[in-house]
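Please open the model in a viewer and keep the sequence panel at hand. The tour below proceeds by selection, with a short account of what is found at each stop.

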Amino acid sequence: MSTATLRPDLALICDWIKPGSRILDLGCGDGELLAHLARTHQVTGYGLEIDPEKVASCVEQGINVIQADLDEGLKGFESQSFDYVVMTQALQALQRPDLAIEEILRVGRFGIVTFPNFGHWRVRMGLAQGHMPVTPTLNERWYDTPNIHLCSVDDFERLCEDIGWRILDRRMLNRSHREGWRIRLRPNLFGEVAMYLLQDKEPATDR
Amino acid sequence: MSGPYPADSVGLVQPFKVLIRHPLALDCGRTLPQHELMVETYGQLNAAHSNAILICHALSGDHHVAGFHEGDKKPGWWDNCVGPGKPIDTNRFFVVALNNLGGCRGSTGPNTINPETGKPWGPDFPLVTARDWVRSQALLADELGIPSWAAIIGGSLGGMQVMQWTIEFPERVRHACVIAAAPKISAQNIAFNEIARQAILSDPEFHGGHFYEQGVVPARGLKLARMLGHITYLSDEAMRAKFGRELKTAVPSYNFDVEFEVESYLRYQGQSFVDRFDANTYLIMTKALDYFDPAREYGNDLAAAFRRVSARFLVVAFSSDWRFSPQRSREIVKALVDAGRDVSYALIDSQLGHDDFLMPIPQYHRVLRGYLARVAQEVA
């Protein structure tokens, strides 16, 4: 697999990751990101995945995968034991996204989180018409969607600010995972996928 | 069965004895000047001697893992997993299985003759540990010309030997498959073992372990020990599904004969165990389980023990296993992650309990097959 065929949002994540890092990929799927990063960035690490099919697929590809339920947290992982903890497109499906990010920033020196932006204009259109939106990015219906905690970019940044998590970088993409001028202008309205590079709040300074 | 054998069977197999002339210093402080191991192998060792897989057996297992012995109807204990085209593929790997030291299926153990006395060892046979087994298996590897194993695989007590191997001989294990195991057994597990031992030790026909000379076997004790074991190898759910509360007769007969199906099952399992197993070996095996704790000499830090390891790991657990629960496997995984070792962990959705590690569950076999296919590529 070359960079050309890597999912564009995953390719952007690669830009944030320093070579030789130790990575934990939460909800790693078939292990696409880890396999790519191992080849191009010499990273080591593990993927966490709940789906048995995908676990088997990772094993078949020689990717370190640990079968686990993200809703059970990262109890089995030591604090600050990874350089990056990555979670792509899974935040909105968790019981407590806030606690999940707390765990991500406890275990990783940096956290990378991506999610679908619920502030996108298509979503707003759906709601304005009195319906739960079904969009190309959020294509499940309200009763069968795994997404139980959707948020807009503004909501997410408000949470980061309230808790003190530091946003080191942000990328907004449309559904073909590209950045355009409209997105740069009004990210909460035109961005469909939000990507954040996060760091925990400043540790309490010594007196 | 006398052929033709199924196409995916290793077919007719012949065990053989290997004499280890090298002295073996045991954890208990005693030394065996030499010992014999009963061995079976399947498949062909390649020219580079790089495609060998060792299978470590559990509490009551032995060297007969796959294929058929002359005249037998039933194949070896893990035949569903070992053979041509099976997850442990004998077309690609040279598979070695043995009866551990202290066993009762042909290797030097309590029911063999102690050369110093000319009598069966009986209770004088040393209490061996998982580490003693691993050291004995390393001597066997020397005899067979195997400098390092492509993989070592084991379930339950077998999985514990796999871990011990990676710590004891890091340079001789490239891949470790640890199935339905634990980093050490719990107090509850030791308690089960203790009851099993007491059942044997208190049988009047045990004669302090010297029952061979008396021409008897402590059948009642061994049977009880095995009945207890079987309860712990099955889940509550599996027992309900398998036996329910079915009575063997239409109405209760108000006595202590076999009335419920589950009683009949346990008695049958207990009895057939007496016919094939040795009471002294059972005591040794349960003690080896109790003693196993590789972290002990690393300040009770399993991650510290794994830091010296170079093998890559596959850890597998079964959802219905309460004797060696998935949580215990996660402890192994955590220690490996903390030590920065390569590890994958699969939790297999299962019904039966601990016994599931011997079952051909599709997801289980898919994961094992997928893992070993990569190992085969590596050594080809």
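**Stop 1: the start of chain B**

Select B:Ser9, which is buried, with a relative accessible area of 9%. The model is a predicted one. B:Ser9 belongs to the segment before strand E1 (16-20) of chain B. To see what surrounds B:Ser9, display B:Gly67, B:Phe68, B:Asp79, B:Pro84 and B:Lys86, with which it is in contact once neighbours within four places in sequence are left aside.

**Stop 2: a short strand**

Move next to B:Thr31, in strand E3 (residues 31-32) of chain B. Is B:Thr31 buried or partly exposed? Its relative accessibility is 44%, and because buried requires a value under 20% and exposed one over 50%, B:Thr31 counts as partly exposed. Leaving aside neighbours within four places in sequence, B:Thr31 is in contact with B:Pro23, B:Leu24 and B:Ala25. Add B:Pro126 to the selection: B:Thr31 and B:Pro126 are separated by 95 residues in sequence, while their C-alpha atoms are 9.1 Å apart in space.

**Stop 3: two positive phi angles**

Select B:His49, in the loop between strand E4 (35-42) and strand E5 (52-56) of chain B. Its phi is near 55°, a positive value in a residue other than glycine. B:His49 is partly exposed, at a relative accessible area of 31%.

Then go to B:Asn300, in the loop between H8 and helix H9 (302-306) of chain B. B:Asn300 is not a glycine, yet it has a positive phi of about 55°. With a relative accessible area of 55%, B:Asn300 is exposed.

**Stop 4: H1 and H2 of chain B**

Colour helix H1 (residues 130-144) and helix H2 (residues 157-168) of chain B; their axes come within 9 Å and cross at roughly 65°. H1(B) and H2(B) are therefore roughly perpendicular to each other, and their crossing is right-handed. On the H1(B) side, show B:Ala130, B:Arg131, B:Trp133, B:Val134, B:Arg135, B:Gln137 and B:Ala138. On the H2(B) side, the contact is made by B:Leu157, B:Gln161, B:Gln164, B:Trp165 and B:Glu168. Coloured by type, the residues of this contact divide into six nonpolar, three polar and three charged.

**Stop 5: H3 and H8 of chain B**

Now select helix H3 (residues 187-201) and helix H8 (residues 279-291) of chain B. How do H3(B) and H8(B) lie relative to each other? The two helices pack at an angle of about 160°, with their axes 10 Å apart. They are therefore roughly antiparallel, and the crossing is left-handed. From H3(B), the residues to display are B:Ile190, B:Asn193, B:Ala196, B:Arg197, B:Ile200 and B:Leu201. These meet B:Ala279, B:Tyr282, B:Leu283, B:Thr286, B:Lys287, B:Leu289 and B:Asp290 in H8(B). The residues of the contact comprise eight nonpolar, two polar and three charged.

**Stop 6: a buried serine between helices**

Select B:Ser235, placed in the loop between helix H5 (219-233) and helix H6 (236-243) of chain B. B:Ser235 has a relative accessibility of 6% and counts as buried. Its side chain reaches the backbone nitrogen of B:Ala238 at 3.0 Å. Not counting residues up to four places away in sequence, B:Ser235 touches B:Ser320, B:Trp322, B:Gln351, B:Leu352 and B:Gly353.

**Stop 7: H1 of chain A**

Turn to chain A and select helix H1 (residues 8-16), where A:Asp9, A:Leu10, A:Leu12, A:Ile13, A:Cys14 and A:Trp16 are buried. What covers the buried residues of H1(A)? The cover includes helix H2 (32-41), strand E4 (82-88), strand E5 (108-116), strand E6 (166-173) and strand E7 (193-199) of chain A.

**Stop 8: an arginine with contacts in both chains**

Finish at A:Arg22, in strand E1 (residues 22-26) of chain A. Leaving aside neighbours within four places in sequence, A:Arg22 is in contact with A:Thr44, A:Tyr46, A:Ser81, A:Phe82, A:Asp83 and A:Tyr84, and also with B:Val337 and B:Gly340. A polar atom of the A:Arg22 side chain lies 2.8 Å from the backbone oxygen of A:Ser81. As a last selection, add A:Leu94: A:Arg22 and A:Leu94 are 72 residues apart in sequence and 24 Å apart in space, C-alpha to C-alpha.

Methods: Residues are numbered from 1 along each chain as its sequence is written. Chains are lettered from A and ligands numbered from 1 in the order in which they are written. This is a predicted model: local features need pLDDT of at least 70, side-chain atom pairs count only at pLDDT 80 or more; totals for chains, interfaces and linings use all residues. Side-chain values use heavy atoms; hydrogens and water are left out. Helices (H or I, at least four residues) and strands (E, at least two) are DSSP runs, numbered from the N terminus. Buried means under 20% relative accessible area, exposed over 50%, partly exposed in between (1.4 Å probe, protein chains only). A polar contact is a pair of N or O atoms within 3.5 Å; within protein, one must be able to donate a hydrogen and the other to accept it, and residues adjacent in sequence count only if both atoms are side-chain atoms. Contact means heavy atoms within 4.5 Å. Axes are lines fitted to C-alpha atoms, for helices over the stretch in contact, and angles run from 0 to 180 degrees between N-to-C directions. Angles under 35 degrees count as roughly parallel, over 145 as roughly antiparallel, 65 to 115 as roughly perpendicular and the rest as oblique. A crossing is left-handed if the near helix is turned anticlockwise from the far one by less than a right angle, and right-handed if clockwise. Ala, Val, Leu, Ile, Met, Phe, Trp, Tyr, Cys and Pro count as nonpolar, Asp, Glu, Lys and Arg as charged, and the others, Gly among them, as polar.
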